[in-house]
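Here is a quick walk through one protein model, going from the overall fold down to charged and aromatic side chains. Have the viewer open and follow along.

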Amino acid sequence: QLRLVESGGGLVQAGGSLRLSCAVSGRIARTYAMGWFRQDPGKEREFVAAINWSSTRTYYSDSVKGRFAISRDNAKNTVYLQMNDLKPDDTAVYYCAADDSDYIGPQSVVDYWGLGTQVTVSS
């Protein structure tokens, strides 16, 4: 099984940037896709971005496309989410996710979750 720990969240003004990190530990037999989701209290979980094992494919929600960039370094067992031009609507708890598959998307049921890191964007 895998264990995921997010870091890098914080308070930032609108238009600013943050980079989230997700440290992955443990091992599984298969390669795995990684993704980021976010959620505010009282709202449903929202898909943000995903990346496959080899970093040859990425996928973003329309709300963050062009502003966020997901990447991973398998040698360091870490996945990143670079967030630029942040908006107040980006405020949420951001969760790292992993799945032993080739794909993670908005409706995916993933195998592993981190505990989340808070991102707050002030106007």
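Of the contacts between residues at least 6 apart in sequence, 58% join residues at least 24 apart. Keep in mind that this is a predicted model.

As for secondary structure, the protein has 0 helices and 11 strands. Read from the N terminus, the elements go β-β-β-β-β-β-β-β-β-β-β. The C-alpha trace spans about 45 × 30 × 25 Å along its principal axes. How does the radius of gyration sit against that of a compact globule with 123 residues? The globule would come out near 14 Å and the protein has 13 Å, so the two agree. Buried residues account for 45% of the 123 residues. The protein exposes about 6800 Å², with carbon and sulfur atoms supplying 46% of it.

**Charged pairs**

Side chains of opposite charge can pair when their charged atoms come close. The count here is 4 salt bridges, and three of them are listed below, with the distance between N and O atoms.

| Acid | Base | N to O distance |
|---|---|---|
| Asp90 | Arg38 | 2.9 Å |
| Asp90 | Arg67 | 2.8 Å |
| Asp62 | Lys65 | 3.4 Å |

Start with Asp90, which pairs with Arg38. Asp90 lies in the loop between β8 (78-83) and β9 (92-99), while Arg38 is in strand β4, so this bridge ties together parts that are 52 residues apart in sequence. Asp90 also meets Arg67 in a salt bridge. Arg67 is in the loop between β6 and β7 (68-73), so that pair ties together parts 23 residues apart in sequence.

Are the residues around Asp90 buried or exposed? Asp90 itself is buried, with a relative accessible area of 2%. Arg38 is buried too, at 4%, and Arg67 is buried at 9%. Because the cut-off for buried is under 20% relative accessible area, each of these values qualifies: 2% for Asp90, 4% for Arg38 and 9% for Arg67. Add Glu46 and you have a network of salt bridges linking Arg38, Glu46, Arg67 and Asp90.

The Asp62 and Lys65 bridge has another setting: Asp62 is exposed, and so is Lys65.

**Rings**

A pair of aromatic rings is described by the distance of the centres and the angle of the planes. The count comes to 4 aromatic pairs. One of them joins Tyr32 and Trp53, edge-to-face, at 5.2 Å centre to centre with 70° between the planes. Where do the two rings sit along the chain? Tyr32 is in the loop between β3 (18-26) and β4 (33-39), and Trp53 is in the loop between β5 (46-51) and β6 (58-60), so the pair ties together parts that are 21 residues apart in sequence. Tyr32 counts as buried, at 9% relative accessibility, whereas Trp53 counts as partly exposed, at 33%.

Then there is a ring cluster: ring pairs link Phe37, Phe47, Tyr59 and Trp113. Phe37 has a charged neighbour as well, with Arg45 lying over the face of its ring at 4.5 Å from the ring centre.

To pull the side-chain story together, Asp90 has salt bridges to Arg38 and Arg67, and these residues share a network with Glu46. On the aromatic side, Tyr32 and Trp53 make an edge-to-face pair, and Phe37 belongs to the ring cluster while also carrying Arg45 over its face.

Conventions. Residues numbered from 1 in each chain as written. Predicted model: local features only at pLDDT ≥ 70, side-chain atom pairs only at ≥ 80, totals over all residues. Heavy atoms only, no water. Phe/Tyr/Trp six-rings, centres within 6.5 Å; stacked < 30°, edge-to-face > 60°. Helix = DSSP H or I, 4+ residues; strand = E, 2+ residues; numbered from the N terminus. Buried < 20%, exposed > 50% of the residue type's maximum accessible area, 1.4 Å probe, protein only. Lys NZ or Arg CZ within 6 Å of the ring centre and 35° of its normal. Rg over C-alpha atoms; globule rule 2.2 N^0.38 Å. Contact = heavy atoms within 4.5 Å. Areas by Shrake-Rupley, 256 points an atom, 1.4 Å probe, with all protein chains shown as cover.
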